Amino acid sequence: MDWTCTLRGPAETRELGRRIGELVEDGATLALDGELGAGKTSLAQGIGLGLGVGGPVTSPTFQLLFVHDDGRLPLYHADLYRLGDESELTELGFDEILGQSGVSIVEWASRFPQVLPADRLQIQLAYEGEGRALTAKATGPRSQRLLDGLRA
Ligand SMILES: Nc1ncnc2c1ncn2[C@@H]1O[C@H](COP(=O)(O)OP(=O)(O)OP(=O)(O)O)[C@@H](O)[C@H]1O
Ligand SMILES: [Mg+2]
């Protein structure tokens, strides 16, 4: 079952991200979608906080992938917006990381659904008034445990 919530401002986006970062299990993939400026990177920043990442979590739009390995689990933060084709992910080695080790956050994930692991938490962000609406859907047991934790 999908889970929906309203995020009234950037602080609420980060706070939900922080909870995800505290609950998330090793090997998890978070597939983020939503139009430009919907809050994907803001959510990733909160996840970094929750994982205890020290450095700033910034947008990987131009670098495609940022790795933060000073938190509870390694954080791999990718952005597929400018990705030309799948082979670029192979060059980055990201295809071997996704769903295997650490926590992978993928912005614009639905551009390349074929590269995503079967079990992922799919998060859709949408503009809603001054804030954002978030819809989350689990596609396997690991993402379902995370979603159950968020609901609780
Ligand atoms: N719940 C919210 N309500 C209102 N504004 C928000 C909310 N969450 C984040 N924002 C703001 O939206 C702007 C864009 O956020 P962010 O960069 O996270 O979006 P994005 O989806 O990653 O964009 P892009 O598609 O360019 O990667 C930021 O100014 C951020 O503070
Ligand atoms: Mg972004």
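# Worked exercises on a predicted model

Tryptophan 108 sits in the loop that links strand 5 to strand 6. Keep in mind throughout that this is a predicted model.

## Exercise 1: Two residues with an odd backbone

Work out whether tryptophan 108 and leucine 64 are buried or partly exposed, and say what phi does at each.

*Solution.*

Step 1. Start with the general rule: most residues other than glycine have a negative phi.

Step 2. Now check tryptophan 108, where phi is positive, near 60°. Leucine 64 has a positive phi too, about 75°, and isn't a glycine.

Step 3. Place the second residue: leucine 64 belongs to the loop between helix 2 and strand 3 (65-68).

Step 4. Count neighbours. The cut-off for buried is 20 or more other C-beta atoms within 10 Å. Tryptophan 108 has 20 of them, so it is buried. Leucine 64 has 18, so it is partly exposed.

## Exercise 2: The overall fold

Find the order of the elements along the protein chain, and decide why its radius of gyration agrees with a compact globule.

*Solution.*

Step 1. Tally the elements: five helices and seven strands.

Step 2. Read them off from the N terminus, which gives β-α-β-α-β-β-α-α-β-β-β-α.

Step 3. Get the extents. The C-alpha trace spans about 40 × 30 × 30 Å along its principal axes.

Step 4. Compare with the globule rule. A compact globule of 152 residues would have a radius of gyration near 15 Å, and the protein chain has 14 Å, so the two agree.

Step 5. Add burial and contact range. Buried residues are 41% of the 152. Of the contacts with a separation of 6 or more, 65% join residues 24 or more positions apart.

## Exercise 3: Into the core

Say which residues of the largest nonpolar core touch the most other members, and follow the contacts of isoleucine 105 and alanine 78.

*Solution.*

Step 1. The core has 35 residues, and those touching the most other members are Leu30, Ala31, Leu32, Ile105, Val106, Leu121 and Ile123.

Step 2. Ask where the core comes from. Elements supplying at least two residues each include helix 1, strand 2 (29-33), strand 4 (75-79) and strand 5 (103-107). Helix 2 gives the largest share, four residues.

Step 3. Zoom in on isoleucine 105. Beyond its neighbours within four places in sequence, isoleucine 105 contacts Leu30, Leu32, Ala44, Ile47, His77 and Ala78.

Step 4. Hop across to alanine 78, which is part of strand 4. With 27 other C-beta atoms within 10 Å, alanine 78 is buried.

Step 5. List the partners of alanine 78, again skipping residues up to four places away: Pro60, Leu64, Leu65, Phe94, Ser104, Ile105, Val106 and Glu107. One of these takes us back to Exercise 1: leucine 64 is 14 residues from alanine 78 in sequence, with 5.3 Å between their C-alpha atoms.

## Exercise 4: Sequence distance against space

Take the pairs leucine 51 with glutamate 22 and glycine 27 with threonine 4, and give the C-alpha separation of each.

*Solution.*

Step 1. Leucine 51 and glutamate 22 are 29 residues apart along the chain, and their C-alpha atoms are separated by 5.8 Å.

Step 2. Glycine 27 and threonine 4 are 23 residues apart, with 24 Å between the C-alpha atoms.

Step 3. Look at the surroundings. Leucine 51 is in helix 2 and is buried, with 23 other C-beta atoms within 10 Å. Glycine 27 is in the loop between helix 1 and strand 2 and is partly exposed, with a count of 17.

Step 4. Finish with contacts more than four places away in sequence. For leucine 51 they include Gly21, Leu75 and Val103; for glycine 27 they are Gly99, Gln100, Ser101 and Arg142.

## Exercise 5: The two sides of helix 5

Explain why the buried residues of helix 5 line one face, and name what covers them.

*Solution.*

Step 1. In helix 5 (residues 141-151), the buried residues include Arg142, Ser143, Leu146 and Leu147.

Step 2. Viewed down the helix axis, the buried residues fall within an arc of 135°, so they line one face of helix 5.

Step 3. Turn to the other side, where Pro141, Asp148 and Arg151 are exposed.

Step 4. The cover over the buried residues includes strand 1 (3-7), helix 1, strand 6 (121-128) and strand 7.

## Exercise 6: Around ligand 1

Describe the shell around ligand 1 by residue type and by element.

*Solution.*

Step 1. The shell has 18 residues, and Leu7, Pro10, Lys40, Thr41 and Ser42 come nearest.

Step 2. Sort by type: four nonpolar, ten polar and four charged.

Step 3. Sort by element: helix 1 (10-23), helix 2 (40-51) and strand 7 (131-138) supply at least two residues each.

Key: Residues are numbered from 1 along each chain as its sequence is written. Chains are lettered from A and ligands numbered from 1 in the order in which they are written. This is a predicted model: local features need pLDDT of at least 70, side-chain atom pairs count only at pLDDT 80 or more; totals for chains, interfaces and linings use all residues. The radius of gyration is taken over C-alpha atoms; the globule rule is 2.2 Å times the number of residues to the power 0.38. A residue is buried if 20 or more other C-beta atoms lie within 10 Å of its own, exposed if 12 or fewer, and partly exposed in between; C-beta atoms are placed from the backbone. Two residues are in contact if their C-beta atoms, placed from the backbone, lie within 7 Å. A residue is near a molecule or strand if its C-beta atom, placed from the backbone, lies within 6 Å of it. Ala, Val, Leu, Ile, Met, Phe, Trp, Tyr, Cys and Pro count as nonpolar, Asp, Glu, Lys and Arg as charged, and the others, Gly among them, as polar. The arc is that of the directions from the helix axis to the C-beta atoms. A nonpolar core is a set of buried Ala, Val, Leu, Ile, Met, Phe, Trp, Tyr and Cys residues joined through C-beta atoms within 7 Å.
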